[in-house]
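Q: I'd like a close look at one part of this model: the sheet in chain B and what packs around it. Could you walk me through that, and then carry on to the aromatic rings and the other chain?

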Amino acid sequence: MHEILDGGGVEVKMKFVLNGRAVSAELKGNERLMDLLWKLGIRSVKEGCSTGDCGTCNVLVDGRLVNSCMMLAVQARNKSVVTVEGISQNEELHPIQEALIEYTASQCGYCIPGIVVTAKYILEKYPQADENMVRQILIANICRCGGYTRIVEAIKSVIESSRR
Amino acid sequence: MYDLKAVPSFDVYVPSTIKELLEILREKHPNAVIYAGGTDLMPMMKRGKIRPEAVVDITGLTELSYVKADNGVYRVGGLTTIQDFATSPLIPEKYFSIKWLTKYFGAETTRNMATVGGNVVSGGERDVPAILTSLDGHVKIVGPQGERLDAPLELKLGHGEIVTELVFPDWGLGSVSWFSKFEKRASNGIGVVTAAVSLKCDDDRVEKARIVLNRVQGKTMGRLTGLEEELVDRRLSSFYLRDLVERHVASIKPAGDFRASGEFRKHVSKVLIVRGLEFCMKYLTGAVSK
C-alpha cells in the first residue's frame, strides 16, 4: 500500500540500509537523499552543483552510482546505500583512498568523496576498465582544482593491482 | 548563472502498483507531478521552474522495469533506466542507436537514474524519442480511459495518464540503426544536433529508411520523410548520398540559440545524416567490423 508523506512538517519513518547497517529514519517528503544522509551524520557527501553535473554527492544505491542530490530520500526506502564512510571501515583506508594519497591526487579535497565512490563503482562494475573507460565514467566528477590526471592514474593503479 | 532555490515543500505519494498510482492521480491529487529518476525534475525544482504541490514517486512500481522481446516486438517498461535499456542483452548489437546511449546520453549517474518513460515525456535531452521514432516505435499510455498507443513525437499526456511502455518492431534481417550527437564538449553535454538513422535493405536495395533530427523546424524534432522516400529502392552507394542529403536538409529550418546558429545546425545535420547512412551501408555490406 502507498503511504502519504506530508511535506508540510509531519515526518514519516523509512527503513533502509546505510553502509551495511539497518537504519530507520524520519524524513519529510521533499528531502533529498543527500539531506537525509547529512541528518544521519554522514559528512562525506558534499553538495556541489545540486543539479547532477558535478558528482560531488555521488553514492551507491543497490550498487548503482547515483547523484544523491537528485534522488528523493524516500526513493532509497528498503535499499542499500553506500558512502565513503562505508567504503573505509574501522578507520582503515580502502586501496582507492591509499592510491589517491600515494598519487597526491587530492588537492582541496571537496570532490574526493564523490571520486572515491565513483572509483569503487568502477572497480566493482567494470573491473576490466582501461584508461578511456575510467575517464568516461569520471566525466561527471568535476575537480575544480583540475587534478584529473593524478586522479585517473590513482584509479588506474588500483584497477591494475586488483587484477593481480 | 543559476539562482538555485531550496527544494519546495510537497507531499509525496509512494504507490507500489499502477492501479494505486492511477487512483492517486484520479482521486487524491490530480496535479501531482510524477518523480522517477528526477534527473530533469529536480534541476527544474532547484531552478524554481516548477513548484509541485504533490509528488508521486513511482520507483516502487517495479512491474514497469523490464526489457522483453516477444514475437518480433521489443517492449521496454517505462521505468527501465537508460543504462538497463542500453545494455540489455535482449537487444541485438545491430541496434547501435540504443547501445550507444551509454556514450551519448549524459553521464553514468544520469543513465543509472533517468528512465526511458521520463525521457519520452519530459523536455530535456530527448534521445529516446528520436531513437524510438527512427525505429517506428510507439509509446503505450495508461490512464482513466484505459490504454492507448501514441507516436513518440506527438505524445501528449492527458490528465491522470502515464507512460507505461515503449514498443518497437524488430527490423529483422538486413537492418541496422545508428545514432549520433554533436556536442559542444566531449561528453555529458546537450546536443547541438542529434540524428537517428535506421535502414533496412534487401541485398543492397533499400527497403525502408528512417531519418530523425532533433531540430527540423524551429526547436521541433522530426523526420526527413522526403529523404526517407527517395532512398527506398535505391541501391546502396555513397556515390549519390551527399547531394541527396544536402537537397533534403536544405528545407529544414532549425532554430539557433546560444549553443549554435540555425545555419550551423543545418550544416551539422547534413554531416551527421551522411555519416549515419554511410555507417549503415558499410555495416550492411559487411564493411564494418561487427
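**Around the chain B sheet**

A: Let's start with a helix: α8 of chain B (residues 127-134) lies across β6 and β8 of chain B, and runs at about 40° to β8(B). Keep in mind throughout that this is a predicted model.

The sheet under that helix is an open one with five strands, in the order β4-β5-β8-β6-β7 of chain B, and the pairing is antiparallel. At its edges you'll find β4 (67-70) and β7 (146-150) of chain B, each of which pairs on one side only. Going from one strand to the next, the twist averages 25°. Helix α1 of chain B (residues 18-28) also packs on this sheet, where it touches β6 and β8 (162-169) of chain B, and its direction makes about 130° with that of β8(B). So both helices meet β6 and β8 of chain B, α8(B) by lying across them and α1(B) by touching them.

Now zoom in on one edge. Strand β6 of chain B (residues 138-143) pairs with β7(B) in the antiparallel sense, over five bridges. If you want a spot to click on, take G143(B), whose bridge partner in β7(B) is G146(B).

Next, the aromatic rings. Over all chains, a search of the whole structure turns up 11 aromatic pairs. One of them is Y74(B) with Y95(B): the ring centres are 5.7 Å apart and the planes sit at 75°, so this pair is edge-to-face. Y74(B) belongs to strand β5 of chain B (residues 73-77), while Y95(B) is in the loop between α3 (82-86) and α4 (96-99) of chain B, so the pair ties together parts that are 21 residues apart in sequence. Both Y74(B) and Y95(B) are buried.

Another pair is F279(B) with Y283(B). Here the centres are 6.5 Å apart and the planes are at 10°, so the rings count as stacked. These two residues are four apart in helix α11 of chain B (residues 262-284), which puts about one helical turn between them. Are they buried or exposed? F279(B) has a relative accessible area of 18%, so it is buried, given that the cut-off is under 20%. Y283(B) is buried too, at 10%.

F279(B) and Y283(B) also have company: together with F96(B) and W100(B) they form one aromatic cluster. W100(B) has a lysine on it as well, with K103(B) lying over the ring face at 4.6 Å from the ring centre. You can find a similar arrangement at W171(B), where the charged end of K208(B) sits over the ring, 4.2 Å from its centre.

Now for chain A. It has an open sheet of five strands as well, in the order β3-β2-β6-β4-β5, and in this one the pairing is mixed. The edges are taken by β3 (21-27) and β5 of chain A, each with a single partner strand, so one side of each has no neighbour in the sheet. The twist averages 40° from one strand to the next. Helix α4 of chain A (residues 112-125) packs on the sheet and touches β4 and β5 of chain A, with its direction at about 40° to that of β4(A).

The mixed pairing is easy to follow by eye. Strand β2 (residues 12-18) and strand β6 (residues 80-82) of chain A run parallel and are joined by two bridges, and V17(A) stands opposite S80(A) in β6(A). By contrast, β4 (residues 58-61) and β5 (residues 64-67) of chain A run antiparallel, joined by four bridges. N58(A) has N67(A) in β5(A) as its bridge partner. The hairpin made by β4(A) and β5(A) has two residues between the strands, and D62(A) takes a positive phi near 50° there.

A couple of loop residues in chain A also have positive phi. N78(A), in the loop between β5 and β6 of chain A, has a phi near 60° although it isn't glycine; it is exposed, with a relative accessible area of 67%. E91(A) also has a positive phi near 60°, lies in the loop between α2 (84-87) and α3 (95-102) of chain A, and is exposed at 83%.

Finally, chain A as a whole divides into domain 1 (12-87) and domain 2 (95-163). Their C-alpha centres lie 21 Å apart, and 16 residues of domain 1 are in contact with 14 residues of domain 2.

Key. Residues are numbered from 1 along each chain as its sequence is written. Chains are lettered from A and ligands numbered from 1 in the order in which they are written. This is a predicted model: local features need pLDDT of at least 70, side-chain atom pairs count only at pLDDT 80 or more; totals for chains, interfaces and linings use all residues. Side-chain values use heavy atoms; hydrogens and water are left out. Two strands pair if DSSP finds at least two bridges between them. Axes are lines fitted to C-alpha atoms, for helices over the stretch in contact, and angles run from 0 to 180 degrees between N-to-C directions. Contact means heavy atoms within 4.5 Å. Rings of Phe, Tyr and Trp (its six-membered ring) pair if their centres lie within 6.5 Å; planes under 30 degrees apart count as stacked, over 60 as edge-to-face and the rest as tilted. Buried means under 20% relative accessible area, exposed over 50%, partly exposed in between (1.4 Å probe, protein chains only). A charge sits over a ring if NZ of Lys or CZ of Arg is within 6 Å of the ring centre and within 35 degrees of the ring normal. Domain bounds come from an automatic or database domain assignment.
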